[in-house]
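Biologist: Could you teach me how to read a structure like this one, feature by feature, beginning with how strands sit beside each other?

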Amino acid sequence: MEPIRSYQEYLNHYEEAQANPTGYWDKVARDLEWFRPWKRVCTGDFSDLNIKWFEGGTTNLSSNCLDRHLKNKGKKTALIYVSNNPKEPPQKITYSELQQKVCRMASVFSNLGIKKGDVICFYMGMVPELMIGILAATRIGAIHSVVFGGFSAQSLSGRIQDCQAKLLVTNDGGYRGDKIIALKEVADEALKDCPSIQTVVVHRRTKNAVKMQDGRDLWLHDLETTATTVFPATPMEAEDPLFILYTSGSTGKPKGLLHTTAGYMVYAYHTFRNVFQMSEEDIFWCTADIGWVTGHTYLTYGPLLNGNTTVMYEGIPVYPDAGRFWQIIDQLQVTHFYTAPTAIRALQATDLSFVTKCKLDSLKVLGSVGEPINEEAWSWYNTHIGKGRCPIVDTWWQTETGGIMISPLAHVTECIPAHATHPLPGITPILVNSSGKEIMETEAEGNLCIKNPWPGMARTIWGDHDRFRKTYFETYKGLYFTGDGARRDAKGNYRITGRVDDVINVSGHRLGTAEIEDAINTHPDVVESAVVGYPHKIKGQGIYVFCICPQAPNNPEQVKKELMAAVTKVIGPIAKPDLIQFVTGLPKTRSGKIMRRILRKVAEGDLSNMGDNSTLLNPDIVDEIVKGKLS
Ligand code: WTA
């Protein structure tokens, strides 16, 4: 199907996909290669939750990303790899080289006895071998589960235990600015209670000393000596599991969202080409880590499915200085740059000369993802990076959705500051009020739901289909509930206002407040705690902890340090609290439920209208909490 090239075409596509969704997706799917065509485009709905796309068809994601392009684009650069170290020159890998590397890795996995349906966990830095590894997993039909390198040993082991991974692929260490993250050491700690792992493959990157456990740990470079570079892709059924990616929810442990083969592939392909509108010679750079869904869909699969050139950067935005992103854009002549508001705000806070030193004249399109972008950051991005001539696609989507759901199409539909604007073809967002009724007025505010299945949607939570149903489909019957609130203007443009559940978004990382509370509560002196988000200038949301801890008043700074350490141990440094307030009690209803509304207001510093607290079990506690408020 030709990409959408004008506003009128967008309207036509949207209408067609509404009137005849299966016909629409049938046409899109024909752009890709299938071993066997599908029999039915879509079956199932939000009540039976037995949703299947392209049933009967067989295909393979890695061969669609790579082999499909070899005839015409074998010599084209598929991946440009930029090291953390600015002195190391960027590495260009062509489609045919990438295909061979993926085959070799597939052969390594296969020689280790990994088969279709086995789970491979990746706990790595941003090295080409991570991208090669996940592509190789899909090539042999293994399910990949990438765990972000910033998670702790405990988080890693929880995820491995949940998905029962057989193989772990890791690095000796990962470079992050001037630090080396001891990934293998963390993995060793995690594996103390992961009996499902039979083998650990270690890719050497930092050359720091690591312990190799006999009979379990193997170096990738040793395994590669006996591997082949010709490895045919395994035909996969459309609904065969493709990957599991863990993400936080409002309750319980992180959920392993499962994406399946064909629907995800078709959706990644179609959304990438229409939102970003790349020309053949363009260069795409998504700054997300492959440990997050953005790194799956728009650093790896979307660009490769479309035969485009994608950039992968190992390091951080401020190393060796705050001009690194802009230097890389100039050096590689990046045309499409996709990053998170938190990075924009952090760089906006540094000296403008880091930007003005660079030309940035190769840029054509900018993107934003992961959290609502505030107008100030949008306008800085637009003025100083896009020089007022690049559209900014503010792309709203989730780990669960697999790909972009609401977004402008670059150069095709209108971009409005801080608005994700219109849904993509095939996506039917609606707003519902608190009683679950669809709001019919165009101009409205409510909870964002999606009305119909789409190919890229997650199919289940790994090992817990009931939780999948309860989390997303029971709040509002017959609808997928996103957990986000949104406003819609008179022209139907959506503006996402943020989470309406107990999930917070810290620097674009999704964290459940309950998860952080559980970590805080591991400290022996903590009686009870409550965590809420509050507006944070750089991170979007900061983490505010209210904590009952009788020992704290004697040495509050020491206890705070211990609580930080507890969170780092259980979750990882990304979940470290920003503010910890010790209290003697938490406001509770008579049935014992914590009144988070009050705590949120205190944390936000909005003390004007605290509401009626007379129904609280302990109304006096509110005064104490307000007096002790931190900022
Ligand atoms: C938020 C990241 C506003 C939202 C792709 C969502 C956004 C959560 C946007 C999913 C955006 C993502 N504008 N909010 N453009 N994009 N979000 O699963 O709250 O890591 O529910 O997926 O990020 O985060 P996740």
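Modeller: Keep in mind that this is a predicted model. Take one pair of facing residues as a starting point: Leu366 stands opposite Ile392, which belongs to strand 20. Leu366 falls within strand 19, residues 365–369, and this strand is joined to strand 20 by four bridges, the two running parallel.

Biologist: In what order do the strands of the sheet that holds strand 20 follow each other?

Modeller: Seven strands make up this open sheet, and reading across it gives the order 5-4-17-16-18-19-20, with mixed pairing. At the edges are strand 5 (91–94) and strand 20 (392–395), each of which pairs on one side only. Between neighbouring strands the turn averages 20°, if its direction is ignored.

Biologist: Which helices should I look for against this sheet, and which strands do they meet?

Modeller: Helix 5, residues 95–111, packs on the sheet and touches strand 4 (77–82) as well as strand 5, its direction making about 85° with that of strand 5. Helix 10, residues 261–276, lies across strand 16 (283–286), strand 18 (336–339), strand 19 and strand 20, and it runs at about 145° to strand 20.

Biologist: How does the pairing run in the sheet with the order 21-22-24-25?

Modeller: That is an open sheet of four strands, and its pairing is antiparallel. Its edge strands, each pairing on one side only, are strand 21 (429–432) and strand 25. From one strand to the next the twist averages 45°. Within this sheet, strand 22 (residues 444–450) and strand 24 (residues 480–488) are paired in the antiparallel sense over six bridges, and here Ile450 stands opposite Tyr480 of strand 24.

Biologist: Turning to the ligand, which residues around it come nearest?

Modeller: There are 17 residues around the ligand, and those that come nearest are Asp394, Thr395, Thr399, Asp484 and Arg510. Sorted by class, this shell has six nonpolar, six polar and five charged residues. For polar contacts, look at individual atoms: a nitrogen atom of the ligand is 2.7 Å from an N or O atom in the side chain of Asp394, while an oxygen atom of the ligand is 2.9 Å from an N or O atom in the side chain of Gln398. The side chain of Asp484 also has an N or O atom 2.6 Å from an oxygen atom of the ligand.

Biologist: How much of the ligand does the protein bury, and which elements give two or more residues to the shell?

Modeller: The ligand taken alone exposes 520 Å², of which the protein buries 96%. Two or more residues of the shell come from each of these elements: helix 11 (293–305), strand 20 and strand 25 (494–499).

Biologist: What should I know when I read the backbone itself?

Modeller: The general idea is that most residues other than glycine have a negative phi, and that most peptide bonds are trans. In this model, the peptide bond from Tyr319 to Pro320 is cis, with omega near -5°, and Pro320 lies in the loop between strand 17 (309–313) and helix 12 (324–332). Gln333, a residue other than glycine, has a positive phi, near 60°, and its place is in the loop between helix 12 and strand 18.

How values were computed:
Residues numbered from 1 in each chain as written. Predicted model: local features only at pLDDT ≥ 70, side-chain atom pairs only at ≥ 80, totals over all residues. Heavy atoms only, no water. Pairing = 2+ DSSP bridges. Axes fitted to C-alpha atoms, helices over the stretch in contact; angles between N-to-C directions. Contact = heavy atoms within 4.5 Å. Near = heavy atom within 4 Å. Polar contact = N/O pair within 3.5 Å; in protein donor to acceptor, adjacent residues only side chain to side chain. Areas by Shrake-Rupley, 256 points an atom, 1.4 Å probe, with all protein chains shown as cover. Nonpolar A, V, L, I, M, F, W, Y, C, P; charged D, E, K, R; others polar.
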